[in-house]
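This briefing concerns a protein model with a bound ligand. Please consult the sequence and structure shown here before reading the points on the ligand shell and the domain contact.

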Amino acid sequence: MKKIAIIGGGAAGYFTATNLGKELGKQTVLFEQASLPLQKVRVSGGGRCNVTHACFDPNELVEFYPRGKKELLSVFHKFQPGDTMEWFESRKVPLKIEDDNRIFPVSNSSLSIIECLLKEVDKNQVETRFGETVLSIQKKEKSFVINTKSDYYEFEKVIFTPGSSIKSMDLMKNIGHKIVKPVPSLFTFNIKDERLKDLMGISFEWAEISIPQLKMESEGPMLITHWGLSGPGILRLSAWGALELNKLNYEFQICINFIQQELEESIEFLNEFKIENAKKSIYKINPFSFPKRFWNRILEVQKIPQDLTFSHLNKNQIQNISKELTEGIYNVKGKSTFKDEFVTAGGVDLKEINFKTMESKVVPNLFIAGEILNIDAITGGFNFQACWSEAFLISEHLKSSLL
Ligand SMILES: Cc1cc2nc3c(=O)[nH]c(=O)nc-3n(C[C@H](O)[C@H](O)[C@H](O)COP(=O)(O)OP(=O)(O)OC[C@H]3O[C@@H](n4cnc5c(N)ncnc54)[C@H](O)[C@@H]3O)c2cc1C
């Protein structure tokens, strides 16, 4: 009888297997339902795999996790992005830090990461059973019985890393775990509005976006898409508001400040601009740094005639334009997936996990890691980092307790 089962051959399952070493590796079976493992790693980061993020202080790092922030702090003190970099680079996968601090393999290909993980698991002589779905897990007095379609097995320890499907959550429910209802996180906002119509591709270097109803706010780059708004500022809001926005059935109002000025500041600024540019055509000169097409659209929506010069702008018009740019209200109706990068909020309740070892507090000898937990982050390599760190903790614990 082999000692350890790993259920799920994704980032969390593979990283656990790679760190077990040969002695425990030989006693481990990894079950993967698909015919090939690591399929999410393959498509991640647009095929480039955003492995982690250049944020090396655990206190700062946890701020990127809407769910799991408190629990991950001690986990990151043991294994953080610097350790991830060293781990891959010492295995001949050079990494690079991009301007926005995301970290990718120098090869710009997720295959470098996959090949490295496959090689390490092979080295540890872990038995891999691809195309074999685990259908049930039963806890016996001193072991677990695992059923697949073709066979059943007995193990002392189970490492559960199956991602975030409903079926996986049911397996945990059946064994006694509480599941926090899964809802999508990281999505873009659907908005049909004449102010955005046909302006897809226009981006704002920085926008402040809030959801007044929920008293939530975010800021960052923002992009007009075919269907509404996207970009880091929007995605951050979707992640932090995942639960509340689900309750609102994704129908709510957002308020956008496009210019990082308060209403009064903007009025003053436009009044001065009007004096300095009195004879210039208002449609030809954009006083702000965002693209001129958006400035023109705001003027059109305010029904400002094409032939006006700045000297003709009256008090009301300046007030209305400023209001649009500092407190523009938009109605969101629905959401869309961001580049297929769906991430799930919800999953196994974190109160039931010992974050020193990732062992279940409900079922001893069951270890849980990865997206099945109620942990998720914004984009930028943070979701993988949580997988690497949690998985590392499991293998370190098993090595110290079993060898
Ligand atoms: C398109 C896309 C791009 C992404 N890009 C990034 C990125 O660049 N950076 C980042 O940090 N995050 C990214 N993410 C998020 C990241 O991929 C996930 O957070 C991460 O893959 C979760 O790893 P995991 O091991 O928990 O689960 P998974 O990667 O989902 O792996 C679980 C595995 O378990 C298998 N499995 C499930 N049930 C069973 C069963 N009963 N029996 C046997 N096997 C089973 C599944 O087939 C799967 O292979 C991306 C997500 C998507 C969808």
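The points below treat the ligand surroundings and then the domains.

This is a predicted model, in which local features need pLDDT of at least 70, side-chain atom pairs count only at pLDDT 80 or more, and totals for chains, interfaces and linings use all residues. Residues are numbered from 1 along each chain as its sequence is written, and side-chain values use heavy atoms, with hydrogens and water left out.

**Ligand shell**
- The ligand is surrounded by 31 residues, of which A12, E32, V134, E371 and F384 come nearest; a residue is near if one of its heavy atoms lies within 4 Å.
- By class, the shell holds 11 nonpolar, 14 polar and six charged residues, with Gly counted as polar, Tyr and Cys as nonpolar, and Asp, Glu, Lys and Arg as charged.
- At least two shell residues come from each of α1 (11–18), β2 (28–32), α3 (39–43) and α14 (382–402), where helices (H or I, at least four residues) and strands (E, at least two) are DSSP runs numbered from the N terminus.
- The largest share, four residues, is supplied by α14.

**Polar contacts and burial of the ligand**
- A backbone N or O atom of E371 is 2.8 Å from a ligand oxygen atom.
- The protein buries 92% of the 1,000 Å² that the ligand exposes when taken alone, by the Shrake-Rupley method with a 1.4 Å probe.

**Domains**
- The domain assignment, automatic or from a database, gives domain 1 (4–184 + 340–402) and domain 2 (187–337).
- Their contact (heavy atoms within 4.5 Å) takes 13 residues from domain 1 and 11 residues from domain 2.
- The two domains bury about 950 Å² between them, 69% of it on carbon and sulfur atoms; buried area is the accessible area (1.4 Å probe) lost on being put together, summed over both parts.

Terms used: Polar contact = N/O pair within 3.5 Å; in protein donor to acceptor, adjacent residues only side chain to side chain.
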